[in-house]
Amino acid sequence: MPNSLTIHRLIERLNSGDVTSRQATEACLNRIQSVDGELNAFIDFDSEEALSQADVADKTRANGGEGALLGVPIAIKDAIAVKDHPLNCASKILGDFVSPYDATVIRKLREAGAVVFGRVNMDEFAMGSSTENSSHGPSRNPWNIEHIPGGSSGGSAVAVAADECVASLGSDTGGSIRQPAALCGCVGLKPTYGRVSRYGLVAFASSLDQIGPLTKDVRDSAVMLQVIAGVDDRDSTSVPETVPDYSSNLTGDVKGLRIGIPKEYQVDGLDSEVKRAVGSAVESLAERGAEIIEVSLPHTEYAIATYYIIATAEASANLARFEGVRYGARVNGSDPQEMNSKTRGAGFGEEVKRRIILGTYVLSSGYYDAYYLRAQKVRTLIRQDYLKAFEKVDLIASPTTPTPAFKIGEKVDDPLQMYLSDIFTISCNLAGLCGISIPCGFSKLGLPIGLQLQGRPFGEPDLLRCAHAYEQATDWRNKKSKLD
Amino acid sequence: MNVDLSRVVRLARIELTLEEQRRISPQLAEVLRYVDKLKELNVEGVEPTAHAVPLENVLREDELRASLSQEEALSNAPKTANGLFVVPKIVE
């Protein structure tokens, strides 16, 4: 079925006239119909509008038009603005908000001819690692529906892994693309900070957030990045660095590539099956000519604490805008302050409240220096660790997550335990690197395991080359969950 | 670690139920105990990082360009009148 194809295979078949975009889009919609009742990846979708976009793409192609994503159905995380569609960040507080404009990434997808359809589930305001913190209810892992799909871009990962779409967009603040990709067995890329415009992405932590693709293979990841990357005058933090041709770099060759293994990543709680799978992935890269070098990232153990101060501080400022005045739901009060407090009390879910409160606390008078400023300084130390390591190596390899997907409900009452599961993904955002998760095996219970590669800022070409070479040497990407 | 939760929720403008206060208070204390590990480090002389990719003075030409219309900007507001956002009365 066309919904299970990768972008590049689907494009080939669309070009040869083997299949139409309408058929591919219908196949996605049918798949949603049959499996999403169980998986809950989609918050909503507009079938008619999707099909009319597909028809336009088919017509364009018939008239000789081209586009890197012409006719390819792509699902969007509910944190990215799509004009005239609702946008909720899986929260109640946005009420019946409808986006008045397209995010820059959406404009770029449209220009490339994509069929932009469906809002996919997430942890509320991207705060979470399991997609359990959603006003839409939890999404489920297609490999075992009793398990979480990861988060916060859980819906994006499930929709790709279960073939409900061909590819999707997510956002990654501390692992929110890579971690669900690992736990659902697909490819998730977090581009370097500044590589992709954040205009139209609802801000969680502005110095860490980055939009990226979730796809069925690494080549698709390169194709998607090619479309969405680039400087944007609507995002002053996007970087005017030339966008290279990512696909041309997928040579299958890793000879001479230096891959670092951080000795500090041997953490307590690292699952033995994950350790084994990642270990053999690294061996496989070595057999193909990559040079494996031990590196040291001495401040690794401080990354989670640093992250949860900086991210919550930034979130407390960013989410101040949800106050019941300019958009979203309102709960009345006798004065503006009471109205704000009641609106926010009723509209935000508990994890979001927890993080805003923590962020407000670490920024408040008397605590700013001890927490926030100190965390920013430790962020410098963490960044320096990486930049130093990248003098010796081109990439850093590790597990994406310490364990395969845990069970739904297992960690909801213990926020700190949930935070600790982000150990391998968080530093990438703090240090402004790029990172990717690709499938590298399965646990005995049949749950996917992810290999994470991290690259230096704007090192996506090496990152994708290495990920692609590993992927092509293995067969993991061809395994599909059995939902039917 | 004792956090004056009522002070923080006032600053954050989030009304919590008693049940939420009972749950969140110890969780917050636990997270703060955990992040206290940053105090082990000597950060003297270390510059803080606000953004991992430092850019300075990102400017553009000061020229008029299209933005949301007033109607669009107000279209999602819970209460409007005469082209304005309406809030509860502030002064008597």
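Student: Let's start where the two chains meet. How many residues does the contact take from chain B and from chain A?

Tutor: Happy to start there, and keep in mind that this is a predicted model. Both chains contribute to the contact, with 43 residues coming from chain B and 61 residues from chain A.

Student: Which helix of chain B gives the most to the side that touches chain A?

Tutor: Two helices of chain B, helix 1 (5-12) and helix 2 (18-35), each supply at least two residues of that side. The one that gives the most does so with 8 residues, and that is helix 2 of chain B.

Student: And how do the residues on that side of chain B divide into nonpolar, polar and charged?

Tutor: Look at the side of chain B that touches chain A. Its residues divide into 5 polar, 9 charged and 29 nonpolar.

Student: What radius of gyration does chain B have, next to that of a compact globule of 92 residues?

Tutor: Chain B has 3 helices and 2 strands, running α-α-α-β-β from the N terminus on. Its C-alpha atoms fill a box of roughly 55 × 45 × 25 Å along the principal axes. A compact globule of 92 residues would come out near 12 Å, but the radius of gyration of chain B is 22 Å.

Student: What share of the residues is buried in chain B, and what share in chain A?

Tutor: A residue counts as buried here if 20 or more other C-beta atoms lie within 10 Å of its own. In chain B, buried residues make up 14% of the 92 residues. In chain A, with its 484 residues, the buried share is 62%.

Student: Why is chain A said to be as compact as a globular protein of its length?

Tutor: Chain A comes to 15 helices and 11 strands. The globule rule gives 23 Å for 484 residues, and chain A is close to that value, so it is as compact as a globular protein of that length; its radius of gyration is 21 Å.

Student: How much of the contacts in chain A with a separation of 6 or more comes from residues 24 or more positions apart?

Tutor: The C-alpha trace of chain A spans about 65 × 55 × 45 Å along its principal axes. Within chain A, among contacts with a separation of 6 or more, the share from residues 24 or more positions apart is 76%.

Student: Which strands stand at the edges of the sheet in chain A?

Tutor: The sheet is open, has 11 strands with mixed pairing, and follows the order 1-3-2-4-6-5-10-11-9-7-8. An edge strand has a single partner strand, so one side of it is left without a neighbour in the sheet; in chain A these are strand 1 (42-44) and strand 8 (291-295).

Student: What is the handedness of the crossover from strand 7 to strand 8 of chain A?

Tutor: Strand 7 (residues 258-262) and strand 8 of chain A pair in the parallel sense over 5 bridges, and Arg258(A) stands opposite Glu291(A) in strand 8. Between these strands the chain passes through helix 8 (residues 272-287) of chain A, and this β-α-β crossover is right-handed.

Student: Which residue of strand 9 of chain A stands opposite Gly260(A)?

Tutor: Strand 7 of chain A is also joined to strand 9 (residues 395-399) of chain A by 2 bridges, and the two run parallel. Opposite Gly260(A) in strand 9 stands Ile396(A).

Student: In which sense do strand 5 and strand 6 of chain A pair?

Tutor: Here Val187(A) stands opposite Thr215(A) in strand 6 of chain A. Strand 5 (residues 187-190) and strand 6 (residues 210-215) of chain A pair over 2 bridges, and the sense is antiparallel.

Methods: Residues are numbered from 1 along each chain as its sequence is written. Chains are lettered from A and ligands numbered from 1 in the order in which they are written. This is a predicted model: local features need pLDDT of at least 70, side-chain atom pairs count only at pLDDT 80 or more; totals for chains, interfaces and linings use all residues. Helices (H or I, at least four residues) and strands (E, at least two) are DSSP runs, numbered from the N terminus. The radius of gyration is taken over C-alpha atoms; the globule rule is 2.2 Å times the number of residues to the power 0.38. A residue is buried if 20 or more other C-beta atoms lie within 10 Å of its own, exposed if 12 or fewer, and partly exposed in between; C-beta atoms are placed from the backbone. Two residues are in contact if their C-beta atoms, placed from the backbone, lie within 7 Å. Two strands pair if DSSP finds at least two bridges between them. Ala, Val, Leu, Ile, Met, Phe, Trp, Tyr, Cys and Pro count as nonpolar, Asp, Glu, Lys and Arg as charged, and the others, Gly among them, as polar. A crossover is right-handed if, with the strands pointing away from the viewer, the path from the first strand over the helix to the second runs clockwise.
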